[in-house]
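This briefing goes through cysteines, salt bridges, nonpolar packing and a few individual residues. The sequence and the structure come first.

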Amino acid sequence: MLQALEDPPKTADPFFWADFAELRALIHPDGCFSRGDLASLAKRMRDTASDRSFDPETRWHDLISFAGARGQAFGAAYPFRVSGDDDTLERTAANSAGQRTYLQLLLASLMRHVPSKRRGELARFFEMTCFWVFSHLMPEGAEIRSTWANGGEQAPYQGTLFQKMQQIARDIRCTPNFNEHDFKATDTGDGNIDLIAWHPMSDNRPGIPIAFAQCGCSKDDWRFKHLQASYANHSWRLPVMHPWTAYYFLPIDLRRADGGWAYQGDIGQAIIVDRLRLLRQSSQHCLHEKLPHLPLLADVQAVKYAY
């Protein structure tokens with residue numbers, strides 16, 4: 001069902017290693033991942049891939065400390081716990097809606113472990129989750145639209161990218177500054193915009209509140225993708241009266257153990273909505289039961305992995 005389970009993160013970031021440990025605990029018959037499991041994995045890595053070796057004691061200290069801090073941050077929605085001797089990460093019953101949401105977002109952040117034939121399902125789940133949260137971040141009365149390239153016949157914007165951008169310009173009340181030859185004739189994509197919101201302000205004049213958002217599951221691409229929906233990236237073609245707000249949604253828990261942003265120096269002019277913010281907003285707005293269920297999670301939990 002899953003793949004590359006013996007392939008740990010390539011970087012030393014504790015939040016990635018905590019994700020890996022949680023995945024291994026999720027699928028283990030005993031519902032745990034231990035210091036000894038990590039040491040065994042480190043030995044196998046030394047024996048088979050010398051360029052991927054790591055010190056298991058240092059790595060364990062970092063990941064279990066982060067998991068403890070993560071448990072405090074996520075509270076009852078965290079479906080794992082650290083054992084009293086700090087030697088094991090243990091899976092809890094994970095029966096609550098919030099815990100289910102956490103596990104679904106965990107899988108979305110671990111796309112490389114998911115077979116390619118199931119990644120589309122996982123990506124759509126994450127897009128729909130972002131749509132719900134984005135909708136509740138907007139003021140009452142706002143119009144919300146998805147602009148996904150694979151939205152199908154129900155998508156609000158249809159046609160080529162040129163035609164879609166014309167429709168978007170109309171909705172946000174600006175005169176488009178582009179021509180059809182500025183786009184590939186066969187391009188039916190989303191133009192690096194996944195979600196749009198605007199408030200009509202009870203009239204038809206320009207100068208309205210606008211927000212654009214982009215969603216992504218990549219552990220690396222967020223560094224540039226979080227600016228793809230920004231005003232700086234699109235203002236030349238969509239010259240509105242004032243800059244819109246840009247959001248970027250990702251399922252990664254992009255934090256240091258002390259609660260600050262990881263790699264804050266790489267964050268530009270966009271509001272980042274990571275796993276913690278997605279969970280907390282879902283709880284605040286009672287969205288857990290409204291979010292789409294992910295069949296992949298049940299399939300993963302049904303398989304018995306032997307180690």
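The model is predicted. The structure holds 23 salt bridges, and a search of the whole of it finds zero disulfides. The largest nonpolar core has 63 residues, and another core, of 20 residues, lies apart from it.

**Cysteines**

- A disulfide is a covalent bond between the sulfur atoms of two cysteines.
- For C130, the closest cysteine sulfur is that of C215, at 3.8 Å, which is too far for a bond, since the cut-off is 2.5 Å.
- C130 is buried, with a relative accessibility of 0%.
- For C286, the closest cysteine sulfur belongs to C130 and is 19 Å away, again too far for a bond.
- C286 is exposed, at 59% relative accessible area.

**Salt bridges**

- Side chains of opposite charge can pair when their charged atoms come close.
- R52 and D7 form a salt bridge in which the closest N and O atoms are 2.9 Å apart.
- R52 sits in the loop between α2 (35–48) and α3, and D7 in the segment before α1, so this pair ties together parts that are 45 residues apart in sequence.
- D7 counts as partly exposed, at 22% relative accessibility.
- R100 and E289 form a salt bridge with an N to O distance of 3.9 Å.
- This pair links distant parts of the chain, 189 residues apart: R100 is in helix α4, and E289 is in the loop between α9 (275–284) and α10 (295–302).
- E289 is exposed, with 59% relative accessibility.
- In the salt bridge between D258 and R256, the closest N and O atoms are 3.0 Å apart.
- Within this pair, D258 is exposed, at 59% relative accessible area, and R256 is partly exposed, at 40%.
- D19, E22, R70, D253, R255 and R275 are joined into one network by salt bridges that share partners.

**Nonpolar cores**

- In the largest core, the residues that touch the most other members are F80, L122, F126, F134 and F249.
- Helix α1 (residues 14–27) gives this core its largest share, seven residues.
- The other core, of 20 residues, includes F162, A169, F183 and L238.
- Beyond its neighbours within four places in sequence, F126 is in contact with L105, A108, C215, G216, C217, F249, L250, P251 and L278.

**Helix α6**

- Eight of the 11 residues of α6 are buried, so that the helix is mostly covered.
- These buried residues are L161, F162, K164, M165, Q167, I168, A169 and D171.
- They pack against β5, β6 (210–215) and α8 (231–234).
- R173, just after α6, takes a positive phi of about 65 degrees.

**D194**

- D194 is located in the loop between α6 (161–171) and β5 (195–198).
- Although buried, D194 has no salt bridge. Its nearest side chain of opposite charge is that of K225, 6.3 Å away, and the cut-off for a salt bridge is 4 Å.
- The D194 side chain reaches the backbone nitrogen of C215 at 2.7 Å.
- Not counting residues up to four places away in sequence, D194 touches R145, S146, T147, W148, A213, Q214 and C215.

**Q99**

- Q99 is part of helix α4 (residues 97–108).
- Q99 is buried, at 11% relative accessible area.
- A polar atom of the Q99 side chain lies 3.0 Å from the backbone nitrogen of N95.
- With residues up to four places away in sequence left out, Q99 touches A76, A77, Y78, P79, T92 and A94.

**F74**

- F74 belongs to helix α3 (residues 56–74).
- F74 is buried, with a relative accessible area of 8%.
- Apart from its neighbours within four places in sequence, F74 is in contact with Y102, D253, R255, R275, L276 and L279.
- Among these contacts, D253, R255 and R275 are also members of the salt-bridge network.
- F74 and M138 are 64 residues apart in sequence, and their C-alpha atoms are 23 Å apart in space.

How values were computed:
Residues numbered from 1 in each chain as written. Predicted model: local features only at pLDDT ≥ 70, side-chain atom pairs only at ≥ 80, totals over all residues. Heavy atoms only, no water. Buried < 20%, exposed > 50% of the residue type's maximum accessible area, 1.4 Å probe, protein only. Helix = DSSP H or I, 4+ residues; strand = E, 2+ residues; numbered from the N terminus. Lys, Arg positive; Asp, Glu negative; His and termini not counted. Polar contact = N/O pair within 3.5 Å; in protein donor to acceptor, adjacent residues only side chain to side chain. Contact = heavy atoms within 4.5 Å. Core = buried A, V, L, I, M, F, W, Y, C linked by side-chain atoms within 4.5 Å.
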